[in-house]
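I opened my notebook for a walk through this model, with the sequence and the structure side by side. Here is what I looked up, entry by entry.

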Amino acid sequence: MAQDQNIIIVGSGMAGYTLLREIRKIDKTIYITLICADSGDFYSKPMLSNALDKQKPPESLVMLSAQKMIETQNFELINHTRITSIDTTNQQVNSDTQSWHYSQLILATGATPFVLPIQGNGAADILSVNSLDDYKRFYLQLEQAESVAIIGPGLIGCEFANDLLTANKQVSIIGPDPWPISKLLPESIGIYLQQKLQQLGVEFHLQKTVESVAKIDTGYQLSLNDNSEITADLVLSAVGLRANLDLAESSALKTDRAYVVDKMLQTNTQNIYALGDCAEVEGHHLPYILPIMQCARALAKTLTGTTTPVTYPAMPVAIKTPACPLVVASPATSQNNWQCTETENGIKALCYQQDKLVGFALAGDQIIEKQSLTQLLPVIL
Ligand SMILES: Cc1cc2nc3c(=O)[nH]c(=O)nc-3n(C[C@H](O)[C@H](O)[C@H](O)COP(=O)(O)OP(=O)(O)OC[C@H]3O[C@@H](n4cnc5c(N)ncnc54)[C@H](O)[C@@H]3O)c2cc1C
């Protein structure tokens with residue numbers, strides 16, 4: 001179907017659907033086509049790493065079916081369809097079999113889990129969870145598993161570790177980091193989290209990497225770089241995500257860690273925009289929900305005629321580890337001067353640069369200071 005004005009959104013994740021909803025708040029009739037490789041059912045991705053705790057099986061994670069989204073948001077959905085190239089001269093996106101004309105194109109293609117170069121005949125069985133379909137596979141296999149080895153002691157790895165504990169699984173976590181979530185948390189809070197998870201039974205194998213995963217009768221044997229071995233019924237990789245930038249090649253879109261966009265969320269090509277995990281806004285690649293909300297609100301205004309730059313206030317991230325509630329607003333640089341105060345049931349770490357508060361990490365009962373501290377932080381953009 002060709003339309004003179006046709007906003008095409010590629011991707012039905014939080015970024016694609018939040019943008020669609022924000023446009024509809026402003027304009028009920030503008031023609032919108034949403035194309036996605038998956039079903040187009042709407043779900044909350046953050047729920048994937050605490051669904052066991054919330055006793056939510058995969059089917060109950062769908063918040064609105066694709067059909068319901070169409071009925072409530074008035075758009076054309078082309079699901080189960082992968083866009084393979086962009087023809088910027090004719091303003092068309094192409095799948096292997098079809099083309100669609102766009103007046104404005106928005107890339108909300110998200111990110112894909114990194115795959116580590118791990119040897120062994122069990123390496124292909126390593127799971128990662130970055131979509132509802134991934135979660136369905138993981139959930140099915142989990143039913144038969146008593147123990148899970150998680151590769152990657154970062155935010156997602158620790159959230160899954162905590163969640164698996166609530167389902168009575170034995171959990172081990174392996175990774176080269178000196179302490180859990182070391183990219184975001186200062187040492188004192190990382191170790192505090194580690195102790196809380198250890199008290200509940202999580203086994204940490206830090207400053208180590210997995211070299212191979214072999215199938216054995218009872219599951220998998222992981223061989224680590226210090227010659228130690230771990231066995232587990234299931235192996236989950238949580239080593240980070242890489243933005244999906246496949247469409248850059250055909251369209252000469254500028255990329256760095258993600259599609260490079262300006263404050264208007266426009267790429268280096270006219271009428272092509274990006275937001276979400278696949279976008280780097282003025283040098284900030286923030287793969288979280290709050291930045292998506294900010295971007296979607298601004299971009300909806302721009303696309304409906306009121307050019308609006310995105311703003312990023314300080315946006316702390318709540319980490320879903322109920323064993324040790326955490327909130328972090330991480331400073332942009334690694335040259336950090338953290339000052340920590342430990343209380344009976346928590347820790348507060350404040351990060352200063354030239355006597356100015358630029359970040360914080362709060363654990364345990366200290367998370368109550370989130371609001372008041374957030375107000376003191378500088379804006380990001
Ligand atoms: C387990 C987990 C827990 C998380 N918890 C939190 C949290 O607590 N708080 C927080 O702020 N953030 C959290 N995050 C991060 C947050 O969920 C993501 O930043 C956000 O969901 C990304 O949304 P997105 O729409 O950019 O990408 P995605 O959800 O990855 O969506 C990408 C979409 O693009 C489609 N697509 C990709 N390529 C193509 C193509 N070529 N053609 C057609 N369609 C395509 C896909 O099918 C999909 O529909 C979590 C992430 C994970 C994995």
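Is A167 buried, partly exposed or exposed? I looked this one up first thing, keeping in mind that the model is predicted. A167 has a relative accessibility of 27%. Buried would mean under 20% and exposed over 50%, so I wrote A167 down as partly exposed.

**Entry: around A167 and N168**

I placed A167 in the loop between α4 and β12 (170–175). I also checked a partner from elsewhere in the sequence: L142 is 25 residues apart from A167, and their C-alpha atoms are 9.7 Å apart in space.

N168 belongs to the loop between α4 and β12 as well. I noted its phi, which is near 60°, a positive value in a residue other than glycine. With a relative accessible area of 69%, N168 is exposed; the cut-off for that class is over 50%.

**Entry: E282**

I found another positive phi at E282, about 50°, although E282 is not a glycine. This residue sits in the loop between β21 and α7. Its relative accessible area is 42%, so I put E282 down as partly exposed.

**Entry: P117**

I then turned to the loop between β10 (111–113) and α3 (132–142), where P117 has its place. P117 counts as exposed because its relative accessibility is 73%. I measured nothing here, of course; the computed C-alpha to C-alpha distance from P117 to S212 is 8.9 Å, for two residues 95 apart in sequence.

**Entry: the ligand**

How many residues surround the ligand? I have 30 of them in my notes, and the closest are D38, I83, D277, I289 and K320. By class, I read this shell as 16 nonpolar, nine polar and five charged residues.

Next I went through the ligand's oxygen atoms. In the side chain of D277, an N or O atom is 2.7 Å from an oxygen atom of the ligand. At A108 the backbone takes part: one of its N or O atoms lies 3.3 Å from a ligand oxygen. For Y288 I noted a polar backbone atom at 3.5 Å from an oxygen atom of the ligand.

I looked up the cover too: on its own the ligand has 1000 Å² of accessible area, and the protein covers 91% of that. The elements that give two or more residues to the shell are α1 (14–26), α4 (155–166) and α7 (289–303).

**Entry: the cavity**

A reminder to myself: empty space shows up when a probe the size of a water molecule is rolled over the atoms. I found one cavity of 30 Å³ or more in the structure. The largest cavity holds about 50 Å³ of space.

Which residues line the largest cavity? I listed G276, A279, V281, H284, L286, P291, I292, C295 and Y312. Two elements give two or more residues to this lining, β21 (279–281) and α7. The largest share, three residues, comes from α7. By class, the lining has seven nonpolar and two polar residues, and no charged ones.

**Entry: a last look at α7**

I kept α7 for a closing note. This helix is among the elements that give two or more residues to the shell around the ligand, and α7 also gives three residues to the lining of the largest cavity. The loop that holds E282 lies between β21 and α7.

Definitions and conventions
Residues numbered from 1 in each chain as written. Predicted model: local features only at pLDDT ≥ 70, side-chain atom pairs only at ≥ 80, totals over all residues. Heavy atoms only, no water. Near = heavy atom within 4 Å. Polar contact = N/O pair within 3.5 Å; in protein donor to acceptor, adjacent residues only side chain to side chain. Areas by Shrake-Rupley, 256 points an atom, 1.4 Å probe, with all protein chains shown as cover. Helix = DSSP H or I, 4+ residues; strand = E, 2+ residues; numbered from the N terminus. Nonpolar A, V, L, I, M, F, W, Y, C, P; charged D, E, K, R; others polar. 1 Å grid on protein atoms, 1.4 Å probe; cavity = no way out; pocket = protein on both sides within 12 Å on 5 of 7 lines; lining within 4 Å. Points joined across faces, edges and corners; volume = space filled by probe spheres on them. Buried < 20%, exposed > 50% of the residue type's maximum accessible area, 1.4 Å probe, protein only.
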